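Thanks, everyone. Let me put the structure up, and then we'll walk through it.

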Amino acid sequence: MSLFKNRLAAAGAVVLLLLAVVAVCAPWIAPYDPLRVSLPDALLSPSGAHWLGTDQLGRDVLSRLIYGTRISLVIGILSVGIAVIVGSLVGALAGFYGGWLDGLLMRFVDTLLSIPTIFLLLAMIAMDPAERLQQLETVPLLGGVCRAVFAALDPQIVVVMSVIGLMSWMGVARLVRAELLTLKEREFVLAARVLGASSRRLIFAHLLPNAVAPVLVSATLGVGGAILTESVLSFLGLGVQPPTPSWGSILNEGRGTLGIAWWLTLSPGACILVTVLAFNLLGEGLRERFARR
Amino acid sequence: MTAYLVRRLLALIPVLFWITVISFGVIKLAPGKPTDAAMAFNPKVSLEARQRMEQLYGLDQPVAMQYAKWLGRVVRLDFGRSFLDDRPVGRKIVERLPVTLTINLCSLLLVLFIAVPLGVRAAVRPGGAFDRWTTVFVFTGYATPSFWLALLCLAFFGVQLRWLPISGLHALDYESFPLIRQWLDTAWHLILPVTIAAFGGLAGVSRYMRSSMTEVLTQDYIRTARAKGLPERRVLFHHGLRNALLPIITILGLSLPDLIGGSVIAETIFSIPGMGRLFYEAVMARDYPVVMALVTVGAVLTMLGNLLADVAYAFADPRIRVGGQS
Amino acid sequence: MPQRRQRQPLSLVPLLALSLLVGPSGLSAQSSPNTGDAIVVSSIGDASRLLPILVSDASSGEIAGLLFNGLLKYNERLEIVGDLAESWTVSEDGLTMTFRLRPNIRWHDGAALTAEDVRFTYQKLIDPSVRTPFSSNYELIESVEVVDPLTIRVRYKEPFAPALESWMMGIIPKHLLEGQDLNTTPLLRRPIGHGPYRFVRWKTGELIELAANPDYFEHRPFIDRYLYRIIPDTATQFLELMTGGIDLSSLTPLQYRRQTDTPFVRRAYQKFRYPSFGFTYLGYNLQDARFRDVRVRQAINRAIDKQAIVEGVLYGLGEVATGPYPKASWAYDPAVQPEPYDLERAAALLAEAGWADRDGDGWLDKDGRPFRFTILTNQGNDVRRQVAELVQQQLKRLGIDVKIKVIEWSTFVHEFIDKRRFEAVLLGWSLARDPDLYDIFHSSKTKEGEYNFVGYASPEVDALLVQGRRTFDQQARARIYHDVHRRLYQDQPYTFLFVGDALPIVASRFRNVHTSPAGIGYNFIDWYAPPQEQRYKRLAP
C-alpha cells in the first residue's frame, strides 16, 4: 500500500522540484525577455522561434510562463505561510485553553468567515497598500527587510499574498484547535504536566509539533488553493499589475483571443493544473504517511 | 448537551449582530457609491445632481445612522430595496435562488453518484492500478481552474461539435414548449455547468469515502462477517458501506450553507442568473442592501453549519469535552 | 467585462431616424421589405430601469430608446431633426424654443400623446424627489408652457445651445404616471411607451423581449421581435456569435481582423466599421510640477508613436486623434495636423525643461530625482491596458520610467480621480454629439467630483467655451470650437491618443443595414429579413 502512494507523491515532489528549479533559474532558462514588446510578432502560433507562441503584444509566452512560475510559487508558498503562522497561533490558544477563550476565538473565526472578502480586497486596493508598503522602507530596521523583500518582489504581489493568506488562516486555526483538543488528553501530555511543564512549553514543545502533521498536509493542499485563488483574482482583474506575468494574468489576457490563439489559454491553464495537482498528490502522500504512524 | 445547544444558539444572536456591524463597516470602507454607475464620469451630470442623488439614497448620513436604519428594517424581516433597480431585495434573492440550488443539488448528486463507488472500489484494493488512476483523476478535477475548463469545453463542445448550447438557461422559445420539452431544454443547458462544478468536487468526497471505507474494512465485524462465509458483496455493501457512509452524511450536512452559494465565474461564463453573480454585481455596484442581505443569510447558515459540525464532532469523539475545561 | 467609458446615456441609444421623404420604394434595390423574424441582440449587463428619465446604465438606455422617443433626434448625417416634434423654432435671442408635435401619436395603450406629456416629463426631471441623473441639463429652463395640445413652449434663463440635445430625452406618459412614485412604479419594469417597439416581457438576468408596434407613427418596424439576451462574458458572447446564437453584437479589433474571416462568418454575417464618438487620452495632473511645464507634455506627445498604437492594439481600426472631436463632428478643425513621432525632438524639449540623464542609469533626471511616474487606468478594459503597456515601452526609449496601475472602476473614480491622487491617467471620453466641452475643460470645473480633474485653466479657452454655449448659429459655433480644438492641441492638457472604430456585426439575413456617421442603428425600423431567410418564425405569442 505504501509503495504506490509514494510513487504518486514522489511524482508530485519531482514536479515541484522541477518548478522550483525553473523559478530560480528563470533568467537563464527563459529564451526571451518576458516584458519585451514586439508588435510585428503579435499572436504568432508555436514555432521553433517561439515554442509556445506569442501574445497580443508580441511577447514570448514561454518566457512569460517561466517567470510566472516565480510569481505563482512565491504567492502560493508565502500566502500559505502567513495562513499557517496566524492560524496555528490562534488555533493553539483556542484548543489549549478551551473555555471562554476558545469560545471567543472561534466566534471571531466564524465572524471573519462570514465577512465578504471582496470588500476587504477593494478597501485594501483603495488604501493603495503598495505605496504604503514602499513608504515603510524608510523605517530603520523594518525598512531594511522591506527593501530586500521589494527588491525581489513587486509590492503588489506582497499585497495579493497577504490578502490570500489572511483569507485562509481560519481553516488552519480550526484544524489546529481540533488537533489540540484531542492531543490535550493524551498520556504524554498528562505526564508532562505532572512533571511540571509550563503551559507555554506544553504548547510549543509538545503539542504543536504533534499537530504539525495535519497542518503540513493542509498547507501543501493550501498552496495549490492559493495558486488557484491568484488565478481567479487575476481573472477578475484584481491580481498582479501589468505587465507582470503571472499564470492567472496570462490566462486573463488570453480570454479575448480564444478562437485564434489557443496557446494563450491552454498553456497557463495547463501550468496551473500540473502545479496544483503536484501539490495535491504530495499532500495526499504526506497524509497517508502521517496517518500510518 | 441540550443546555449546551441552547447556550450556543443564544450566543449566535450577538455574533450575528457583530457580523452585520463589521460587514457594514467593511462595505462602507471600500470606496465608491452606488450612484457611481449612472453619475460618475458623466459630464452631463453635474456635481450638484450627484450629491442630490446621494441624499435621496441616504448616503450622506453618518454610517452609524445608515446602519441603524438598516437594522431597524431587518428585524422586521425587511431587507429593503436594491439600489440598482429599486426592487425589493427579498424578491431579487428569491428569483435567483432556485437556479443556484438546482445547479448545486444536481452537481452534488452527480458527485455522490460518481465519487462514492470510486471511493469504495479504491478502498477494496488499495494501492492497485484502479486506486492510483482514480486518485490522479479526482485530483486533476480539483486542480483544474474551473473557468479555464469551462471556456475550453464551450469552445469544444459548443463551437466545434455543436453538441451543447453556449450560454443561458433556456432556449429562446422556451415558453412555447410542452412541459417535458421544457425540462429537457433546461437539463440540456445545465449539462456543462453542472458537470464542471461536479468535476471539481469529486476529490473531496471520493477521498473521504475511500479513507472511511478502508477504516471500516479493517474493523473486526467485517472479519467476522467474512469468517462466517458471507458473500463478499454482502460484506461490502451491507456491513461495510452502510457504516462508511455515516461520516459522508455528516460532511453533506456541513456543506448545506454552500448550497446557496454560486460561483460567480461559472455563472458569468455560462450566462446563468444565479446567486454568485447577484453578489458580485452587487459588490461592484456598491448595492449595499443586497450585499448585506446576502451576508446576513450566509452568516446565519454558516453559523448553524458550524454548530452542527461541533455537535457532530463531540458525538464522534467523546474524549472532547466541549465548552468546559479539563 | 463591461467597457468602461464615460457615458453619455443619449449617445448610446440606437438613434432611429427615417427621412420622411423616403418611402418603401426607395429603401432597397433587391427586394421590397417584408415583416417577420426576430433579431437577437447580446448585452453584457441587464437593464435596471426602463423609464427614460431614470435610465442609469447603457442597457436600460438601449431598451428605453426603442420604447420611447424624444422631441428631437439626430439623423444619419448627425443633424438635429424632429422626432416627436414635426417642427420647432428658436427665438432670435435664443431664450425661447417652441415645438410643434406630430398629431396622432399614440401610446402603446392607445392614449394620445400630447404637450401635457412633455410638460409632465420636464416636471419630473426637475423634481428633487425623483432619482433622475439628468436634472442638471434642465436647470436653465425658466418655464415650460402648454400652448395647445400639440404645441409646447420652453423659456430659458439664458441662451443655451446644448439644450436642443437635451430634448432628445424620451417623453413619459402623464396619464399613467401622474400621482405615482416614479422611483418605484411598476412601469419601470413593464413600461408603456410610444416608440417603434412595445414591451413584451423581461426575464430578469436573462432576456428582454420587445415586439413591433404596428401603430408607430413613421411605419411599423419590419422586424417583428427584438430579443435582448444578457451574456455577461465577452468570450462567451463571441462563441455565441460563432454558432449563430446572436444576430447583433460588437467586435473587438482583434476579432474583427483575425477571428471573423472563416467561410461561415463571411456567409452568415456582415461586418461594419465607423469612427466612434469618443477618444482615448493620456491625462496629466497639471498640479504636478513636472507636468506643469508644457514642454514636458509636448515632449511626451512627440515620444508616443500613436500610429503604432493604432496598428498594434486596434489593428488599424481607428485613427490618431489631435483633439477632443472626431472627424465626423462639425467642430473638428481639419487644419490641426498631428505632430509626427519624433524622439529626438522630444528629448530636446525635455532637455530644455531641464531633464537629462546625469547619473548614467538610463533614466532622465532633474534635481537628483529620476523621471518616474505611474499611469493609472481602470480594470476591465483590455485595449486600455495594452495601450498603457505600449506607452510604457515607448517612453522607456526616451528615458522615462513608467509604471502601470490597473484599478477597479469605483475605487479609481473616488480614491484617485476625485481626490487628484494621480500623476497620469489613461482613459477615454465617450461624448455627446453636441461639442460643448465646458464641463471637462472649463477652469471652474475643478471641484472634487467634477470633470476637469487634470486642472486645466486657460482664460482664452474658458471664454470660448462660454461663448460656444450661448450661440445657436452653427457656423459661428464651428469657428469657436475650431479655435478650442487648436488650443487644446497646443496646450496638451491631455495627450490625445486615438479615436477607435465601432465594429458592429450583424447577421447577413438582415437587409438595409448601412453605416453612416451616426452608426448603423439610425434606420433600425427599416431592417428586414426576406421570408426564405428568416430564422425565428414561431415565438411565444
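I'll start in strand E21 of chain C, where Val499(C) sits opposite Glu319(C). Before going on, the ground rules. This is a predicted model: local features need pLDDT of at least 70, side-chain atom pairs count only at pLDDT 80 or more, and totals for chains, interfaces and linings use all residues. Residues are numbered from 1 along each chain as its sequence is written, while chains are lettered from A and ligands numbered from 1 in the order in which they are written.

Some vocabulary too. Helices (H or I, at least four residues) and strands (E, at least two) are DSSP runs, numbered from the N terminus. Strands count as paired if DSSP finds at least two bridges between them.

Back to E21(C), residues 494-502. Eight of its nine residues are buried, so the strand is largely enclosed by the rest of the structure. Buried means 20 or more other C-beta atoms within 10 Å of the residue's own; exposed means 12 or fewer; partly exposed is in between; C-beta atoms are placed from the backbone.

Which strands pair with E21(C)? Strand E15 (318-320) of chain C does, antiparallel, through three bridges. Strand E14 (278-284) of chain C is antiparallel to E21(C) over four bridges. There, Thr280(C) has Phe498(C) as its bridge partner. Strand E13 (274-275) of chain C adds an antiparallel pairing of two bridges. In that pairing, Tyr274(C) faces Ala502(C).

Next, a parallel region of chain C. Strand E18 (372-378) and strand E19 (401-407) of chain C run parallel, joined by seven bridges. Arg372(C) is bridged to Asp401(C) in E19(C). How does the chain get from E18(C) to E19(C)? Through helix H12 (382-398) of chain C, in a right-handed β-α-β crossover. Right-handed here means that, with the strands pointing away from the viewer, the path from the first strand over the helix to the second runs clockwise. E18(C) also pairs with strand E20 (424-430) of chain C, parallel, over two bridges. Ile375(C) is set against Ala424(C) in E20(C).

Now an open sheet. Four strands of chain C line up as E4-E5-E7-E6, with antiparallel pairing. The edges are E4 (85-90) and E6 (141-148) of chain C, each pairing on one side only. From one strand to the next, the twist averages 15°. E4(C) meets E5 (96-101) of chain C over five antiparallel bridges, and Thr89(C) is opposite Thr98(C) in E5(C). Helix H2 (115-125) of chain C lies across E5, E6 and E7 (151-156) of chain C, at about 165° to E6(C). For those angles, axes are lines fitted to C-alpha atoms, for helices over the stretch in contact, and angles run from 0 to 180 degrees between N-to-C directions. Contact means C-beta atoms, placed from the backbone, within 7 Å.

Zooming out. Chain C has 16 helices and 22 strands. Its radius of gyration is 25 Å, which agrees with the value near 24 Å for a compact globule of 541 residues. That radius is taken over C-alpha atoms, and the globule rule is 2.2 Å times the number of residues to the power 0.38. In chain C, 54% of the residues are buried.

Chain B reads differently: 13 helices and zero strands. Its radius of gyration is 25 Å, well over the 20 Å from the globule rule for 326 residues, so chain B is more spread out than a compact globule. Buried residues are 42% of chain B.

On to the interfaces. Where chain C meets chain B, 50 residues of chain C contact 43 of chain B. Among the elements supplying at least two residues on the chain C side are strand E10 (223-230) and helix H5 (234-242). That side has 19 nonpolar, 18 polar and 13 charged residues. Ala, Val, Leu, Ile, Met, Phe, Trp, Tyr, Cys and Pro count as nonpolar, Asp, Glu, Lys and Arg as charged, and the others, Gly among them, as polar.

Between chains A and B, 38 residues of chain A contact 38 of chain B. Which helix gives the largest share of the chain A side? H12(A), with eight residues. By class, the chain A side has 24 nonpolar, 10 polar and four charged residues.

Last stop, helix H11 (247-254) of chain A. Eight of its eight residues are buried, including Trp247(A) and Glu253(A).

Notes: Contact = placed C-beta atoms within 7 Å.
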